[in-house]
Amino acid sequence: MKMKKYLPFLLIFALLTAAFTPNTVEAANSSGLSEDLKTVDSAMTDQNDLEEAIKIYEKKIEEQAAAQEAYSVLRSMFDISAQGEDIYPSDYAGAWYKDGTLFIALTSFDQIQKYKDKLSEFDCISYVIRNLSLNELGKIRDEMYELVKNDIGISCFYIDVTENKIIYETSESHKKAGEKFYDIMSSSIAKLYKNANVATKLDESLFKVIEGDKIIEQTNIYGGDKFSMGSASGSSGSIGVCGTIHDNNIHYEGFITCGHGGMTVSGTNATIYLGDSIYGSTFYTMYYDNCYGDWAAVRKTSDNFTQTNMINGSTSAYTRNITGTIDELAEGMSFMKYGYNGGYCTGTVEENDINSVGAGGITIKGITRASLDSGSSLAGDSGGPYYTGGTDGNNYNFLGVHRGVSGSGSRQKIYFTPYKCFKTWFTPKTN
C-alpha cells in the first residue's frame, strides 16, 4: 500500500466557547451594563440549550447501547484485508439501526443460523431479505464508477443498505447527470454484468443519481489550540486522539489525525507543532487515489508533552475519557464530534463505506457520512475525534477522525474516517 511515514506531535483542543471568552466580556463592559447583561443572558440561554441537547443525545446513546454492542459482535464475523477493508460474508447485505432495532439484511435465510448463534444474547435484532450482497454491490459500484467518472462530476458514491441500491452523488445537475449516467449504463450493461459477476439481472432501478455537494477538506486555519505543520504558524488541523503507532514490532507514542491538507512524511511540513513547540513528525499518511480512509499518524519526539486518553467535550470543564474503541457505527446510530475551531457537535450516521471523490479526482474509500444534528463543523476541524458513550459515566468509545463537510444549513453533512480504517497501525490510549 502507498502509505508514508512521519514523526509525532500532541493534542490540544480549543476549550472555551465564544460566549465565555475574555474578549466577549470586555466588549460587553465597554458598551455599558445593559449590553453586558444581554451578553450574559444570551450566554446562559445558549448554555441551557446546549445542556438540553446533551441530555437528548445521552438518552439516544443509552437507547442504542444494546444494538451498538450487537453491531460490534456482528462485525467480528467479518474478515479484514491487509489494508483494513472489510471482507463480508457472501450472504451479507448490510445493517442499520432504527428505533431501538438493529436490522441485518441477508440475501437468503439459508445460513441465518450462523448469525443467530453469534448474536443469541441480543433481542434487538430483526433479519430482512435483500437481493444483492454488499460484496456484489461493491463490485457493481466500482465498475460503474470507472465507466462514468470521465463524463460525470461524481462527488461521492456508496451503497444504501436500507434500499439495497447504489448511490452516485454529482456536483452538477442531477437531472443532466442522470441522463448521461443511464445512457452510459445502458450501452455498457453487458460489460458491467460480466465484470461484476452477479446472478441478479442489472437494470437502472439498482442505481440512483442525486445532487450532492463537494466535500470541503477542513485544514487551512491558523492560530489557536491546534497542531500546525512546518512552523508554529503553518497550516493547521485537529488532533484526533493520543495513542500508540505500530511499525511492525516497534511502537511509538503519537496521535491520529486526517491525511489531507498537506500532511507529509518528508520536507518542511513533516515537522508538527503544538503552539510554539515542536511535538514531533508525521510517521504515516494515508491519502492517495483509491486508498482506504483519510488519516495520518504523528509520532511524538518531544518530552515537553504528556500523552492522555482525554478528548474535549461540550464545555471546557467537560472532558471525556476514551476507554474503548468501536470499529464502525451502524447507520442510524448517534455520536459526538469535536474540532478545535468548530468545537462540540453531534450527528447521526447516514451511510458507511462511501467512496469519497476529492480534489484532483482522488477517491478515498471507507468513509462514513452523517447528518450534523447540532453544533458547527468548521475549517480546521479535520482530524478531530468522533466518539460515542460507553456503558457508564464519563467513559467514551473512540470512533474515528473528521474528514470534511458538504452542503450547508439543514443540508450540511459531515464525513469521517472510521477507526476500522487505521486500527492496524494505531491504537488509541484508553487509560
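Visitor: Why is Lys300 called buried?
Guide: This is a predicted model, and in it Lys300 comes out at 14% relative accessibility. Buried means under 20%, so Lys300 counts as buried.

Visitor: What makes Glu253 partly exposed?
Guide: Its relative accessibility is 44%. Partly exposed runs between the 20% and 50% cut-offs, so Glu253 falls in that class.

Visitor: How do you know that Glu253 forms a salt bridge with Lys300?
Guide: Check the closest N and O atoms: they're 3.6 Å apart. The cut-off is within 4 Å, so the pair qualifies. Glu253 lies in strand S13 and Lys300 in strand S17, so this bridge ties together parts that are 47 residues apart in sequence.

Visitor: Why do Glu328 and Lys420 count as a salt bridge?
Guide: The N to O distance is 2.6 Å, and the limit is 4 Å, so they count. Glu328 sits in the loop between strands S19 and S20, while Lys420 is in the loop between strands S25 and S26, 92 residues apart. Both residues are buried.

Visitor: What makes Lys337 and Asp381 a salt bridge, and are they buried or exposed?
Guide: Their closest N and O atoms are 3.3 Å apart, which is within 4 Å, so that's a salt bridge. Lys337 is in strand S20 and Asp381 in the loop between strands S22 and S23. Lys337 has a relative accessible area of 0%, and Asp381 also has 0%. The cut-off for buried is under 20%, so both are buried.

Visitor: Which residues are joined into one network by salt bridges that share partners?
Guide: Arg75, Asp86, Glu328, Asp353 and Lys420.

Methods: Residues numbered from 1 in each chain as written. Predicted model: local features only at pLDDT ≥ 70, side-chain atom pairs only at ≥ 80, totals over all residues. Heavy atoms only, no water. Salt bridge = Lys/Arg side-chain N within 4 Å of Asp/Glu carboxyl O. Helix = DSSP H or I, 4+ residues; strand = E, 2+ residues; numbered from the N terminus. Buried < 20%, exposed > 50% of the residue type's maximum accessible area, 1.4 Å probe, protein only.
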